[in-house]
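Got the viewer open and a selection box ready? Let's take a walk through this one, stop by stop.

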Amino acid sequence: MTTIADERPPAPPPTPSGGLRRRARAATRLLQRAAWATTLVGAVTTACTSWGSTPWYAGWIGAAGAAALAALASPVRLALGESPRSGSASALFHAAMLALMVCAFAGCFAFSLSGWFHEHDRDLHATLRVSATVTGCHSSGDTSTECTFLWTADGHEYRAAEGTDVQWPDGHRVDVRIDPAHPQRDPVTGGGYWPLWIAVVVGGLGIPFSLGVWWVLEEAANY
């Protein structure tokens with residue numbers, strides 16, 4: 001007795017090009033995941049090292065290079081995908097947007113947390129209060145103002161620009177705090193760093209969110 005299943009032609013054996021395509025797709029997928037992991041490692045390195053130090057710059061360079069590699073791997077993976085949807089322009093656009101989201105959130109997290117550590121360290125070491133003269137203020141936006149301060153310490157004059165909440169007139173006298181061991185460093189005019197903490201939270205929550213969306217869409221495209 002012959003069944004319908006027995007009358008079906010046998011499935012053709014996989015071609016060498018098909019096997020090569022699968023291996024290339026698997027290798028590209030592994031490379032992209034490693035690149036995303038390297039991006040996160042670079043962001044954490046930048047966030048936890050001293051501002052402007054060699055590891056700080058190395059973290060930025062490593063994260064940017066890995067993010068670029070991960071972004072470039074997306075169209076390659078889409079071109080090698082088996083699903084008709086995986087190579088569509090819409091899938092390519094979504095992959096590019098998610099790559100930009102991951103980079104933006106990682107950069108926001110690294111810059112804001114590193115900036116908080118930097119400002120907190122300055123705040124701890126600025127123990128000497130001196131009177132400084134405002135020699136000029138200019139505003140670059142509705143809430144961003146930068147003033148130049150001139151002060152004297154140990155018989156030497158120092159000048160530095162610092163962001164403030166108030167746009168004082170030239171010649172105005174204001175008390176600032178400086179680091180007595182390094183009086184040439186920028187003075188501290190305040191101690192509120194809550195905008196940096198908001199950026200840290202936004203970046204920290206945005207990274208897993210965008211990676212999760214990327215993972216779900218990737219699995220759906222390859223289904």
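Which residues does L211 touch, not counting residues up to four places away in sequence? Select L211 and look around: W36, L40 and V102 are the ones in contact. Keep in mind throughout that this is a predicted model.

Now widen the selection to the largest nonpolar core, a set of 16 residues. L211 is among those with the most contacts inside this core, along with W36, F109, L113 and I207. Colour by helix next: α2 (16–48), α4 (89–125) and α5 (194–221) each bring at least two residues to this core, and α4 gives the most, with seven. As a bit of background, nonpolar side chains in soluble globular proteins tend to be buried together.

There's also a second, separate core, made of 14 residues. Pick out V130, V134, F149 and A153, which are among its members.

Switch to cartoon and find the sheet. It is open, has four strands in the order β3-β2-β1-β4, and pairs antiparallel. At the edges sit β3 (156–164) and β4 (173–178), each pairing on one side only. From one strand to the next, the twist averages 40°. Zoom in on β1 (residues 128–139) and β2 (residues 145–153): six bridges join this antiparallel pair. For a landmark, select S139, which stands opposite T145 in β2.

Follow the chain out of β2 into the loop that leads to β3, and stop at D154. Check its phi: near 55°, a positive value in a residue that isn't glycine. Turn on the surface too, as D154 is exposed, with a relative accessible area of 69%.

Last stop, the rings. The structure holds eight aromatic pairs. Start with W56 and W60: their ring centres are 6.1 Å apart and their planes sit at 80°, so this pair is edge-to-face. Both belong to helix α3 (residues 54–80), where being four residues apart separates them by about one helical turn. Buried or exposed, which is W56? W56 counts as buried, at 8% relative accessibility, while W60, at 26%, counts as partly exposed. Now add W51, Y57 and F111 to the selection, and you have the cluster that ring pairs link together with W56 and W60.

Then jump back to F149, in strand β2, and W168, in the loop between β3 and β4; this pair ties together parts that are 19 residues apart in sequence. With centres 6.2 Å apart and planes at 70°, the F149 and W168 rings are also edge-to-face. F149 itself is buried, at 0% relative accessible area.

Technical notes:
Residues are numbered from 1 along each chain as its sequence is written. Side-chain values use heavy atoms; hydrogens and water are left out. Two strands pair if DSSP finds at least two bridges between them. Axes are lines fitted to C-alpha atoms, for helices over the stretch in contact, and angles run from 0 to 180 degrees between N-to-C directions. A nonpolar core is a set of buried Ala, Val, Leu, Ile, Met, Phe, Trp, Tyr and Cys residues joined through side-chain atoms within 4.5 Å. Buried means under 20% relative accessible area, exposed over 50%, partly exposed in between (1.4 Å probe, protein chains only). Contact means heavy atoms within 4.5 Å. Rings of Phe, Tyr and Trp (its six-membered ring) pair if their centres lie within 6.5 Å; planes under 30 degrees apart count as stacked, over 60 as edge-to-face and the rest as tilted.
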